[in-house]
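Please look through the model below and follow the explanation alongside it. The text goes from strand pairing to a surface patch, and then to an annotated domain and one polar contact.

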Amino acid sequence: MSTAQVINPATEEVLRTVDLLDEAAVDDAVGRAEDAQRRWARLAPAERAGALRAFAAAVDAHVDELATLEVANSGHPIGQAEWEAGHVRDVLQFYSATPERLSGKQIPVAGGIDVTFNEPLGVVGVITPWNFPMPIAAWGFAPALAAGNAVLLKPAEWTPLTSIRIGELAAESGLDPDLFQVLPGKGAVVGERFVTHPGVRKVVFTGSTEVGTRVMAGAAAQVKRVTLELGGKSANIVFDDCDLERAAATAPYGVFDNAGQDCCARSRILVQRNVYDRFMELLEPAVKGVAVGDPAVRATEMGPLVSRPHWESVASYVPDDAPVAFRGSAPEGPGFWFPPTVLTPQPTDRTVTEEIFGPVVTVLPFDDEAAAVALANDTPYGLSGSIWTDNLSRAVRVSRAVEAGNLSVNSHSSVRYNTPFGGFKQSGLGRELGPDAPLSFTETKNVFFAVEDRAEEL
Ligand code: NAD
């Protein structure tokens, strides 16, 4: 069995050494999960609901511990990490209502009764990225368990610690340890085995479009179900009729949250040309005001990047001759620090077209509504975006025209557990969260019951 060192990105110190599972260990886990799933699906709906509520309560009792672990493993600011741990609890609570509400349909037909059942798939594999380890795991495991499935969770190599702890909390809360198993390992080993093992009936993959494409291609061999949540290059469109002060003051938080390591980052700011100069004047102090530093300190708004290799990748987008408009600050010394950076490149530059996944934003001008929509849609991605305007008709027109799954008007909000989340185009396939997510972990089974006709006797 191989091992990996988990590093604190704010200090570069080794936090822990984690065992990486091999293919045989995954096969063993799938076998045990298949048995546990059958036991789980046989329980009364209210018992499954109660078990999920107990799991949520266990997470709730350990929010501080989970948050502290995420600060150390991922460098997330403490306030953000607390929100993430609390979000896991909320997602579990929301879907704990599912087992007692997953009703099928009764469809009127001639000669009998027709009923649909939402049958669980069996064992579901959830593969998560390193940027939001806790929330993204919960978006997969909570509705999947609620719909009667077993779940195998593979966290990203750099950030496995909170997932491992959540797996322990599930077992401590009384959930069958074989029903929900956390399997740390390499993507090419554990992740690939989820794709190739016939016992894993669905793969929920969140990560890069590059790997997601491979997962989808591999899953095709078994017509395996997939949900894909992939990359993004979202636009923040600022029209001249908006509250420009608010648009500029909030723009940094629309892209630099989690140091820009956010699939929903509004990493392209598009500004109407007649207010462009004023917007840049207002943006500069807002960017310089972002508090970058020790993620354990409550006032910190932005921590370090997750790892040295990722720092190298982000830095490659800002060479010495980059068109830097202005930058914020970042600590010196150990840690993978990168200051918030604003670029004004040509529209064809790779900083405009590629997902950087760091605190780097590009600003481009546009002339009118049609040009803004064309620029926003000029990307293979379609995950998120913001529209700033005080003109209601324009807000409706533009939000219908932008090809993205999650938009916000006059804010940068995107994820709520009770509303659907996912991408257009190469940002993904399927939707997570919201009231319908459990259905994506079921098969619809239609059963017709023939009824002998004795109408004349009644
Ligand atoms: P990644 O694609 O490198 O890795 C994601 C996960 O896939 C990891 O657990 C990794 O071990 C695993 N993996 C790697 N190779 C695999 C293979 N061959 N088969 C199966 N699994 C494999 O992505 P990352 O660098 O961890 O995360 C960053 C990316 O995730 C960005 O592109 C970001 O936009 C995206 N993301 C998307 C969303 C969303 O909801 N749309 C959310 C967060 C992150």
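Strands E3 and E4 pair in the antiparallel sense, over 2 bridges. One bridge partner is Val115 in E4, which sits across from Gln106. The model in which this pairing is seen is predicted. The pair belongs to an open sheet of 3 strands, ordered E3-E4-E18, with antiparallel pairing. Strand E3 (106-107) and strand E18 (442-450) are the edge strands, since each pairs on one side only.

Strand E4 covers residues 112-120 and includes Phe117. Is the side chain of this residue counted as buried, partly exposed or exposed? Phe117 has 35% relative accessibility, and the partly exposed class runs from 20% to 50%, so Phe117 counts as partly exposed. Patches take residues with over 30% relative accessible area. Phe117 is part of a nonpolar patch on the surface, together with Ile113, Phe449 and Val451. The accessible area of these four residues together is about 350 Å².

A UniProt record, an unreviewed entry, places the feature "domain: Aldehyde dehydrogenase" at residues 3-447. Over that range the chain is 38% helix and 20% strand. The C-alpha atoms at the two ends of the range are 49 Å apart.

One of the helices is H8, residues 209-220, and Thr209 lies in it. Thr209 has a relative accessibility of 12%. Buried means under 20%, so Thr209 counts as buried. A polar atom of the Thr209 side chain lies 3.1 Å from the backbone oxygen of Gln426.

Notes
Residues numbered from 1 in each chain as written. Predicted model: local features only at pLDDT ≥ 70, side-chain atom pairs only at ≥ 80, totals over all residues. Heavy atoms only, no water. Patch = residues over 30% accessible without salt bridge, like charges linked within 9 Å, V, L, I, M, F, W, Y side chains within 5 Å. Areas by Shrake-Rupley, 256 points an atom, 1.4 Å probe, with all protein chains shown as cover. Salt bridge = Lys/Arg side-chain N within 4 Å of Asp/Glu carboxyl O. Helix = DSSP H or I, 4+ residues; strand = E, 2+ residues; numbered from the N terminus. Buried < 20%, exposed > 50% of the residue type's maximum accessible area, 1.4 Å probe, protein only. Pairing = 2+ DSSP bridges. UniProt positions renumbered as here; feature names shortened; annotations may be inferred. Polar contact = N/O pair within 3.5 Å; in protein donor to acceptor, adjacent residues only side chain to side chain.
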